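Biologist: I am new to this structure. Please pick one part, look at it closely, and then lead me outward to what surrounds it.

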Amino acid sequence: QGQLKIARTAMAARCRLAARFHHIHGANIRLDASHTQATRVESFANGLCFSQEPLAPGQIFLVEIEEKELGWCGHLRVGLTAHDPQSLEVVPEYSLPDLVNLGDTWVFAITRNHNRVVLEGEEAQPRGRPWEPFLLIERVRIPRDTLVGRSRPGRYSHILDDLFKMNVLPPTARRSRIGVLYAPQPDGTADMHIVINGEDMGPSARGLPASRPLYAVIDVFASTKSVRAIPVDYGCRYLCPSKHVVHRLAIDGLDLPPLLKSFCQHE
């Protein structure tokens with residue numbers, strides 16, 4: 001029991017530390033005290049953010065759109081960069097094209113109807129059903145429920161569980177969840193994957209230098225005003241060895257403290 005408690009505490013700490021923004025950011029960004037929420041306070045630009053630490057292979061940096069702002073054209077932009085944020089003399093105004101033009105940076109704009117990226121001559125892989133418990137990206141296995149943004153249910157919405165599972169939000173909607181990760185390849189390079197509400201968009205960039213530290217890039221641009229980093233612990237098996245929880249509504253039925261339940265549900 002003691003070892004389980006230690007493991008649970010250590011996992012929670014790692015998840016929280018991984019889901020934080022770097023203290024270096026765009027001029028119009030304000031971070032909250034925990035460095036988990038990034039808000040653009042003025043204009044539509046200068047909203048660049050980075051992950052606090054370089055990502056490990058297969059580690060997803062996931063954000064949830066918390067607030068939108070009407071009147072601007074364009075949405076969230078995400079990607080990876082091999083530039084240490086602290087090495088930047090000035091944080092660029094835009095991820096596209098400014099940061100990308102510095103080289104060793106791969107960023108894509110998220111659109112209302114974002115589609116998978118398929119290279120010429122490559123067949124699109126069949127899409128997994130949105131209620132399948134895990135998202136598989138090569139050797140990476142991530143609990144899908146954490147990745148999917150949905151309209152939050154009410155207190156007794158377990159009676160509408162099937163509807164809840166299908167109620168996936170559009171990519172740029174409030175509470176939509178967007179993530180980025182890289183998957184190492186046999187030739188020593190890496191492919192970048194963007195995940196939108198639990199769906200892998202496929203390799204959106206190839207040939208990334210896997211031997212170099214790669215930071216997540218989150219550009220809080222235009223109509224996207226505020227985002228929050230969401231911790232992903234790749235499963236709740238450390239919380240309850242006899243059960244593997246794959247749906248956050250099921251967490252309510254576990255004999256866990258309220259604060260721990262809240263952490264697991266990412267609410």
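Modeller: Start with strand 4, residues 61-68, in what is a predicted model. On one hand, strand 4 pairs with strand 9, residues 177-184. The two run antiparallel, and 4 bridges join them. Phe 61 in strand 4 faces Val 180 in strand 9. On the other hand, strand 4 pairs with strand 13, residues 224-230. That pairing is antiparallel too, with 6 bridges. Here Glu 64 stands opposite Arg 228.

Now follow Phe 61 into the interior. Phe 61 belongs to the largest nonpolar core, which has 31 residues. Phe 61 is among those with the most contacts inside this core, along with Phe 21, Ile 194, Ile 218 and Val 227. Who supplies the core? Strands 4, 5, 9, 10, 11 (199-209), 12 and 13 each give at least two residues. Strand 10 gives the largest share, with 4 residues. A general point helps here. In soluble globular proteins, nonpolar side chains tend to be buried together.

Ile 218 shows how the parts meet. Beyond its neighbours within four places in sequence, Ile 218 is in contact with Phe 21, Phe 61 and Val 227, which were named above, and with Val 63. The contacts also include Gly 47, Leu 48, Cys 49, Leu 76, Arg 77 and Val 78.

A separate core lies apart from this one. That second core has 11 residues, among them Ile 60, Leu 181, Val 195 and Ile 230. Take Val 195 as a way in. Val 195 sits in strand 10, residues 189-196. Its relative accessible area is 0%, so Val 195 is buried. Outside its neighbours up to four places away in sequence, Val 195 touches Ile 60, a fellow member of the core. Val 195 also touches Leu 135, Ile 137, Leu 147 and Asp 200, plus Arg 177, Ile 178 and Gly 179. Val 180 brings us back to the partner of Phe 61. Val 195 and Val 180 are 15 residues apart in sequence, yet their C-alpha atoms are 6.1 Å apart in space.

Return to Ile 218 and look at its strand. Strand 12 covers residues 215-219. Strand 12 pairs with strand 5, residues 77-81, in the antiparallel sense over 5 bridges. Tyr 215 in strand 12 is the bridge partner of Thr 81. Both strands belong to an open sheet of 4 strands, in the order 3-12-5-6, with antiparallel pairing. Strand 3 (48-50) and strand 6 (105-109) are the edges, each pairing on one side only. Direction ignored, neighbouring strands of this sheet are turned by 20° against each other on average.

Next comes the loop between strand 12 and strand 13, where Phe 221 is found. Phe 221 has a relative accessible area of 8%, so this residue is buried. Its ring forms an edge-to-face pair with Phe 44, 6.1 Å centre to centre and 75° between the planes. Phe 44 lies in the loop between strand 2 (37-40) and strand 3, 177 residues away in the chain from Phe 221. Phe 44 counts as partly exposed, at 28% relative accessibility. Phe 221 also pairs edge-to-face with Tyr 94, at 6.2 Å between centres and 70° between planes. Tyr 94 lies in the loop between strand 5 and helix 2 (95-101), so this pair ties together parts 127 residues apart in sequence. Ring pairs join Phe 44, Trp 72, Tyr 94 and Phe 221 into a cluster.

Two backbone details lie along this path. Ala 222 is in the loop between strand 12 and strand 13. Its phi is positive, about 55°, although Ala 222 is not a glycine. Ala 222 is buried, at 0% relative accessibility. In helix 2 we find Pro 97. The peptide bond from Leu 96 to Pro 97 is cis, with omega near 5°.

Finally, step back to the chain. The protein chain has 5 helices and 13 strands. Of its 267 residues, 48% are buried. Take contacts between residues at least 6 apart in sequence: 69% of them join residues at least 24 apart. The chain exposes about 13500 Å², and carbon and sulfur atoms supply 53% of that area.

How values were computed. Residues are numbered from 1 along each chain as its sequence is written. This is a predicted model: local features need pLDDT of at least 70, side-chain atom pairs count only at pLDDT 80 or more; totals for chains, interfaces and linings use all residues. Side-chain values use heavy atoms; hydrogens and water are left out. Two strands pair if DSSP finds at least two bridges between them. Axes are lines fitted to C-alpha atoms, for helices over the stretch in contact, and angles run from 0 to 180 degrees between N-to-C directions. Buried means under 20% relative accessible area, exposed over 50%, partly exposed in between (1.4 Å probe, protein chains only). Contact means heavy atoms within 4.5 Å. Accessible areas come from the Shrake-Rupley method with a 1.4 Å probe; for residues, only the protein chains shown count as cover. A nonpolar core is a set of buried Ala, Val, Leu, Ile, Met, Phe, Trp, Tyr and Cys residues joined through side-chain atoms within 4.5 Å. Rings of Phe, Tyr and Trp (its six-membered ring) pair if their centres lie within 6.5 Å; planes under 30 degrees apart count as stacked, over 60 as edge-to-face and the rest as tilted.
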